[in-house]
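Work through the exercises below with the sequence and the structure at hand. Each task is followed by a solution in steps.

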Amino acid sequence: LRGDAALFDYTLKFDGVRIASLEVTGEQISHAYREVDAEVVAALKLAGGRIRSFHERQRDTISSKMAGEGLSQRLRPLERVGVYVPGGTASYPSTVLMTVIPARVAGVKEVILATPPGPEGVVPPLTLAAAALAKADRIFAVGGAQAIAALAFGTESVPRVDKICGPGNIFVVLAKKLVYGAVGID
């Protein structure tokens, strides 16, 4: 009900961080990309390429025709998917790659990523670099149950999504269970 204001308040209350903006800017992503070691970026690119290749082959093997009497099925991607990426001690760039890339391969038109900000109020550079490589459309520095609610129902800044994917702690998991029906979950 309180939209963006609630996201700012809960980020301060639960994460202990005062953030200046909910959405990560292109400038912040570029800066973060330069902070990540070149060998790590190369490893992310290699992993991303392999993940993309796997999911392209997987997509291409899905049959659009069902056996018998001319029945068929039509597969269409969702318009907008929200990806939740944990932060803190469970911050893995692989989570970014393994959730954003399959959505891209499936043809999802817009991928929104939500992840908690670090102690300084910014998303860790490694997470941002992985998000840029995987081609997330927008990134929000919001975590926890409040991020799930924002993705499910939308706020002034965070768009409502059709489905939410990605791991999280018990609060994230329970929030996903609560919003199921209003939005799809993994």
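## Exercise 1: The strands and their order

Strand S1 is joined to strand S2 (residues 110-114) by 5 bridges, and the two run parallel. This is a predicted model.

**Task.** Find the partners of S1 and S2, then give the order of the strands in the open sheet.

**Solution.**

Step 1. Begin with the pair S1 and S2. Val81 has Val111 in S2 as its bridge partner, and Val83 stands opposite Leu113 of S2.

Step 2. Look at S1 again. S1 also pairs with S4, in the parallel sense, over 3 bridges. In this pair Gly82 stands opposite Ile164 of S4.

Step 3. Turn to S2. S2 and S3 are joined by 3 bridges and run parallel; the bridge partner of Ile112 in S3 is Arg138.

Step 4. Put the pairs together. The open sheet has 5 strands in the order S3-S2-S1-S4-S5, with parallel pairing. S3 and strand S5 (184-185) each have a single partner strand and stand at the edges, so one side of each is left without a neighbour in the sheet.

## Exercise 2: Crossing from strand to strand

**Task.** Name the helix that belongs to a β-α-β unit with S1 and S2, and the helix that does so with S2 and S3.

**Solution.**

Step 1. For S1 and S2 the helix is H4, and the unit is right-handed.

Step 2. For S2 and S3 the helix is H5, and this unit is right-handed as well.

Step 3. Note the strand that appears in each answer. S2 takes part in the unit with H4 and in the unit with H5.

## Exercise 3: Buried or exposed

**Task.** Decide how far S1, S2 and H5 are covered, using under 20% relative accessible area as the cut-off for buried.

**Solution.**

Step 1. Count in S1. Of its 5 residues, 4 are buried, so S1 is largely enclosed by the rest of the structure.

Step 2. Count in S2. Here 5 of 5 residues are buried. Glu110, Ile112 and Ala114 lie on one side, Val111 and Leu113 on the other, and both faces are covered.

Step 3. Count in helix H5 (residues 125-134). It is mostly covered, with 7 of 10 residues buried. These are Thr127, Leu128, Ala129, Ala130, Ala131, Leu133 and Ala134.

Step 4. Ask what does the covering. The buried residues of H5 are covered by elements including helix H2 (26-35), H3, H4, S2 and strand S3 (138-140).

Step 5. Check the residue after the helix. Lys135 follows H5 and has a positive phi, near 75°.

## Exercise 4: The largest pocket

**Task.** Describe the largest pocket by its volume, its lining residues and the elements that contribute to it.

**Solution.**

Step 1. The volume is about 490 Å³.

Step 2. The lining has 19 residues, and those closest to the centre are Ile62, Pro77, Pro102, Val105 and Ala106.

Step 3. Helix H3 (38-61), strand S1 (80-84), helix H4 (93-106) and strand S4 (163-165) each give two or more residues to this lining. The largest share, 6 residues, comes from H4.

Step 4. Sort the lining by class. There are 13 nonpolar, 3 polar and 3 charged residues.

## Exercise 5: The second largest pocket and Gln146

**Task.** Describe the second largest pocket, then follow Gln146, one of the residues nearest its centre.

**Solution.**

Step 1. This pocket has a volume of about 320 Å³. It is lined by 16 residues, and nearest its centre are Gly144, Ala145, Gln146, Asn169 and Phe171.

Step 2. Helix H1 (4-15), helix H6 (144-153) and helix H7 (170-179) each give two or more residues to the lining. By class, the lining has 9 nonpolar, 6 polar and 1 charged residues.

Step 3. Place Gln146, which lies in helix H6. Its relative accessibility is 9%, so Gln146 counts as buried.

Step 4. List the contacts. Leaving out residues up to four places away in sequence, Gln146 touches Leu7, Tyr10, Thr11, Phe14 and Asp15.

Technical notes: Residues are numbered from 1 along each chain as its sequence is written. This is a predicted model: local features need pLDDT of at least 70, side-chain atom pairs count only at pLDDT 80 or more; totals for chains, interfaces and linings use all residues. Side-chain values use heavy atoms; hydrogens and water are left out. On a 1 Å grid over the protein atoms alone, a cavity is a set of points where a 1.4 Å probe fits but cannot get out, and a pocket is an open set with protein on both sides within 12 Å along at least five of seven lines; lining residues have an atom within 4 Å of a point. Grid points are joined across faces, edges and corners, and a volume is the space filled by probe spheres set on the points. Ala, Val, Leu, Ile, Met, Phe, Trp, Tyr, Cys and Pro count as nonpolar, Asp, Glu, Lys and Arg as charged, and the others, Gly among them, as polar. Buried means under 20% relative accessible area, exposed over 50%, partly exposed in between (1.4 Å probe, protein chains only). Two strands pair if DSSP finds at least two bridges between them. A crossover is right-handed if, with the strands pointing away from the viewer, the path from the first strand over the helix to the second runs clockwise. Contact means heavy atoms within 4.5 Å.
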